[in-house]
There are 6 protein chains.
Amino acid sequence: MSACTCEVCSCYKTYGVHDPRITQVDGTYYITYVAASKRTQRVGLVRTKDFRTVDEMPYVSEPDNKSATLFPKKIGGRYAMLERPSEGASIWISFSEDLVYWGQSTVVMTPRGGHWDCHRIGAACPPMEIQQGWLLIYYGEKSTSAGPLVRLGTAVLDRDDPSQVLARSNIPIISPREKYERIGDVGNVVFSCGAVMEDTDSVMLYYGASDSCICLGTCTLDGILEVCRKSQEGY
Amino acid sequence: MSACTCEVCSCYKTYGVHDPRITQVDGTYYITYVAASKRTQRVGLVRTKDFRTVDEMPYVSEPDNKSATLFPKKIGGRYAMLERPSEGASIWISFSEDLVYWGQSTVVMTPRGGHWDCHRIGAACPPMEIQQGWLLIYYGEKSTSAGPLVRLGTAVLDRDDPSQVLARSNIPIISPREKYERIGDVGNVVFSCGAVMEDTDSVMLYYGASDSCICLGTCTLDGILEVCRKSQEGY
Amino acid sequence: MSACTCEVCSCYKTYGVHDPRITQVDGTYYITYVAASKRTQRVGLVRTKDFRTVDEMPYVSEPDNKSATLFPKKIGGRYAMLERPSEGASIWISFSEDLVYWGQSTVVMTPRGGHWDCHRIGAACPPMEIQQGWLLIYYGEKSTSAGPLVRLGTAVLDRDDPSQVLARSNIPIISPREKYERIGDVGNVVFSCGAVMEDTDSVMLYYGASDSCICLGTCTLDGILEVCRKSQEGY
Amino acid sequence: MSACTCEVCSCYKTYGVHDPRITQVDGTYYITYVAASKRTQRVGLVRTKDFRTVDEMPYVSEPDNKSATLFPKKIGGRYAMLERPSEGASIWISFSEDLVYWGQSTVVMTPRGGHWDCHRIGAACPPMEIQQGWLLIYYGEKSTSAGPLVRLGTAVLDRDDPSQVLARSNIPIISPREKYERIGDVGNVVFSCGAVMEDTDSVMLYYGASDSCICLGTCTLDGILEVCRKSQEGY
Amino acid sequence: MSACTCEVCSCYKTYGVHDPRITQVDGTYYITYVAASKRTQRVGLVRTKDFRTVDEMPYVSEPDNKSATLFPKKIGGRYAMLERPSEGASIWISFSEDLVYWGQSTVVMTPRGGHWDCHRIGAACPPMEIQQGWLLIYYGEKSTSAGPLVRLGTAVLDRDDPSQVLARSNIPIISPREKYERIGDVGNVVFSCGAVMEDTDSVMLYYGASDSCICLGTCTLDGILEVCRKSQEGY
Amino acid sequence: MSACTCEVCSCYKTYGVHDPRITQVDGTYYITYVAASKRTQRVGLVRTKDFRTVDEMPYVSEPDNKSATLFPKKIGGRYAMLERPSEGASIWISFSEDLVYWGQSTVVMTPRGGHWDCHRIGAACPPMEIQQGWLLIYYGEKSTSAGPLVRLGTAVLDRDDPSQVLARSNIPIISPREKYERIGDVGNVVFSCGAVMEDTDSVMLYYGASDSCICLGTCTLDGILEVCRKSQEGY
């Protein structure tokens, strides 16, 4: 009866679903995903407590939206979600009090001409809370004459107003270099939907390489922040 | 402090605002409009009680959205808005409890191949309540080899679930025919943002012709519904 | 059971049929037409003796073909048909012994850069036999910054090998000039699917103007040939 | 004097010929090929009995056609040819009584959204007769953000009416995996113009990899049919 | 033997020449024009003293350049030329000591988003010397959904450094309004290649309307400057 | 004060500079480079005697020009420069008496349909003087369905009139074959901005591979000329 289960809506998944991002908020796991069809792409949402039974919720975007992920806690009493509406190729943020109605959308970051993230960007992993605010690992795309080069970089967002970018890496933290990152069904792509911060200084980044295999990269949080810090200083 | 007045937001109007639709809900006038900039188009909202002082509200859409209009009353306790997200060229509906957070978006009508509204459609006037449900006057665009031909037609939406289309006119109710509709800065266009139903059987349609002058057309409600009725019957 | 009536085929007319050309061959009237669908355009064929009962025949082209017309007599024992395959924008000729199987396709005329027929051409009327060979009235399209300008011109094809062009007019014989030719649903277009040669020196050309009305133009055959003759001489 | 040798025709090969498919019919070898020029691509045909002297025949298609191959026997008394007209990106079939005049064209298979063959398909090898009908090995193209991914799959066509598809593999039978299939002048492509069925249960598939080398793959007919069978059952 | 007369060069005029601008410098008339061919458009130059014998000079631009016009006197000892290189859609200036070798190119004016001259601009008439500097009448194009709307406006350039724009009209000085300006082979276009300042306060503007007729408009210099002045003041 | 240092000009390098070509003329080293910005690409020029202090000169092209290189001596008393204006995808030559004003531009070589250099060409290394004239190593691009394939070939230009091509290689002298040439940030690319002729018969070619590493290839001048010679003879 609700919009999310009507016949019209189910037709938004005829080409399948992909790019899930899992965020735990108040003990419940929420999974945003891209529903793909001939018509368009839009962002869907499900929730689960045990990964056995899953509860479908209404779509959280209109058409032509993707790369969405929830923040792991409410900000100012509201749920917050990063997303990439339409062809603007930028990261946006929207807010909600109930995960159903969304609003006060504003832009967070746009592509930077002449940089590694010059043609298209989007959130990769759900934001992780750190001392400095929110650590965001995002993907950046550079269109080369041989096709897109997709890499991962980071930004630090303000804890209370995550539409404010405190720092942003001028270079990627991971680029396709290994054979399995260069070659595959969709070559020259490293892409991630999730990372784990095991303790205060260790980041485990799960990423897909060339759309053909799944990899694990590790680094220290300090290492990542160092890249952001140097970018601020103009290196 | 809120997203709607921050510097980032004001930059969405650098190319001006256009296509306002005025809807009175519970004694307040709400005006949806298109904010245009180099970057994109998105839907803004203001409210007024006297057309002297105007109160700016947060944007009600993300980028690449236009042709939005509120319904003149809440439906199922929620505000409802027709809109046209992105390049899908279809009319959608979204709901809100507070005019700030929006959700449960679903498609209402799509272009019909081979018809007068085959390439692009959008709400023209705010929906008007009639005995049969909601009367929607909408524009339809047909791309011809000499450019688009924009005309106005009608649909009747269900009173309680306006995502359900009860009737839809197979022919337009007004087409460019007169010299001032054919010729102008943007020829072969009739477009409207508002109509007035004076009494139970008289519709006054204010429309722009060729982006160069403003016109008034009148017809009876029965005449409009007759077109819808015949379309149902396959004429 | 035959290909022309199977379900797959009927779906090529979902957007209707248009641009019929009627040719009488050996006492039977054959009508080529464009079958239009979301998928593509292709050429269909029907025949009739009395315009009351009509006999559908198999499609005479594959997809992306239009502007086809039969010659009013067999040439070298074979049926001949002018057509415009695909995006080549040129007039081609194909031959058949039975109106079902077609072959030996070859190009007849291509657009001429810098001329009135520089971007797209196609047969307008079925070829008419004259003393000099076959008189072809064809349309030529020039793409201007304000949209296409579609006009009608003539060529004379060799009687025995109509892929040979004996003469071709450097200027159109009719251009949009009158108000009803300039202005309409698709402005700046004159287009024809048929002409009648009443006696040896009078051509009656039925043509559509601006996709909004139907007109009759008359001229003498000598007048038309004079245009071709002067074109040959470099006027 | 015939269309196939005229000057106009020879200009269709100025960029060379490619993708030959050899079919033996009634003791004669027929080779269909793509003639490429600046203008367009169209399908040519030659025949030979000994691969020493070759006889050129008229072109068997109009412009913008490719990936054509004859069936190794007449079907219902007529020659049959698979082909890919124009931008429709689908496999079609046409029939002929004399290899010169072709007709009764109808579509056989179209791309399937969301599958491995979602953007473009075409016959790869000449159809091979098997107990169940005609075994067709065809190529399917998926457009990825890094360029097309071209793979080979199979279908079984009805013996008497090969426009009817009895089975079609939901997964490819060969995909670029090896280094020489991934990397080359045109990477991520496996493409074939011919396969040999040595005995009743062994298929030898000759294929090009990355447009840079030629490979031989072998499999059993049962293995191929098993893929089709499972696809029917929804695996 | 020189580049301007070699065979390669003459092929740049196969589609004819158009848009001549005549400038008298030191007693000689120089005519810049656009040479059009299938390949490209580039700027040619001829000179004459009596309009009877004409002297061809080398091309003054590389390919993809148009809308060029000389200044009527040398500036800082050098010839100066306005032009519109490539797809930038902007007005540029170049300098020369001998009309053969050109350099120190710099941009003068670019399109202004949201204005009447938002999509493409170029010099219309040769600059005219006035008390305030150089009066430039230029064309501006706005792309509407029904095609381009081409209008004429003005700017005042600095006398000694004409790359400096002292004033620029926020509204056009002439727009298509009359029937013969709205309707024609290329409708909604007013375009000029020359104006005459008869005495100190009268400008006669010769312009083409809809690519179908030639018109004469008159205004006072004060009237034109008033438009510029008001634009400066933000009207 | 001069055009090359004004604020407008510096904005042409906001995306950096690339593809420098160094040519020594009369004891001074001149470096042409591509200045890249959001707006366009154009050719800049600097000079140095010691590679410690560098002198910026005015831009030597208008927008949309790249792949420029000076000849190492004056030709007929004038500086000469190869370049690639705009989207023509061809190599042009311009002349200058002072390196500031340029003119008498003419085309030197265009892409050859059906060859390895069919879609785009440009000078790679500065021309090197040899007994037969000028040896030019240039890049050629072939657009494949998997992206561009960029290779290097050679031509010999006439010593006194370098717009005359005396010989041109039908095959490239180096193609991506090695793993580091095939795979990288921009795969399947070999590109050069400079070569050194050590003595009369040894060419050292420095080239970038896949935009990811720099390589050195060596060959004999005789070997290169042999390729050109055979191309002349039709191999």
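**Chain A, its fold and two surface patches**

Modeller: In this predicted model, chain A has three helices and 16 strands.

Biologist: What makes chain A as compact as a globular protein of that length?

Modeller: Its radius of gyration is 17 Å, and the globule rule gives 18 Å for 235 residues; those are close, so chain A counts as compact as a globular protein of that length. Along the principal axes, its C-alpha atoms fill a box of roughly 55 × 40 × 35 Å.

Biologist: How much of chain A is made up of buried residues?

Modeller: Buried residues account for 57% of the 235 in chain A, where buried means under 20% relative accessible area.

Biologist: Okay, on to Val196(A). Why is Val196(A) called partly exposed?

Modeller: Val196(A) has a relative accessible area of 34%. Buried would need under 20% and exposed over 50%, so 34% lands in between and the label is partly exposed. Val196(A) sits in strand β14 (residues 190-199) of chain A.

Biologist: Which residues form the nonpolar patch on the surface?

Modeller: Val196(A), Tyr206(A) and Leu216(A), with about 250 Å² of accessible area together. A patch residue needs over 30% relative accessible area, and Val196(A) clears that with its 34%.

Biologist: And what makes the other patch one of negative charge?

Modeller: Its members are Glu97(A), Asp98(A), Glu97(B) and Asp98(B), and Asp and Glu count as negative.

Biologist: How do you know that Asp98(A) is partly exposed?

Modeller: Its relative accessible area is 32%, so Asp98(A) falls between the 20% and 50% limits. As for its place, Asp98(A) is in the loop between β7 (91-96) and β8 (101-109) of chain A.

Key:
Residues numbered from 1 in each chain as written. Chains lettered and ligands numbered in written order. Predicted model: local features only at pLDDT ≥ 70, side-chain atom pairs only at ≥ 80, totals over all residues. Heavy atoms only, no water. Patch = residues over 30% accessible without salt bridge, like charges linked within 9 Å, V, L, I, M, F, W, Y side chains within 5 Å. Areas by Shrake-Rupley, 256 points an atom, 1.4 Å probe, with all protein chains shown as cover. Salt bridge = Lys/Arg side-chain N within 4 Å of Asp/Glu carboxyl O. Charge placed at Lys NZ, Arg CZ, Asp CG, Glu CD. Helix = DSSP H or I, 4+ residues; strand = E, 2+ residues; numbered from the N terminus. Buried < 20%, exposed > 50% of the residue type's maximum accessible area, 1.4 Å probe, protein only. Rg over C-alpha atoms; globule rule 2.2 N^0.38 Å.
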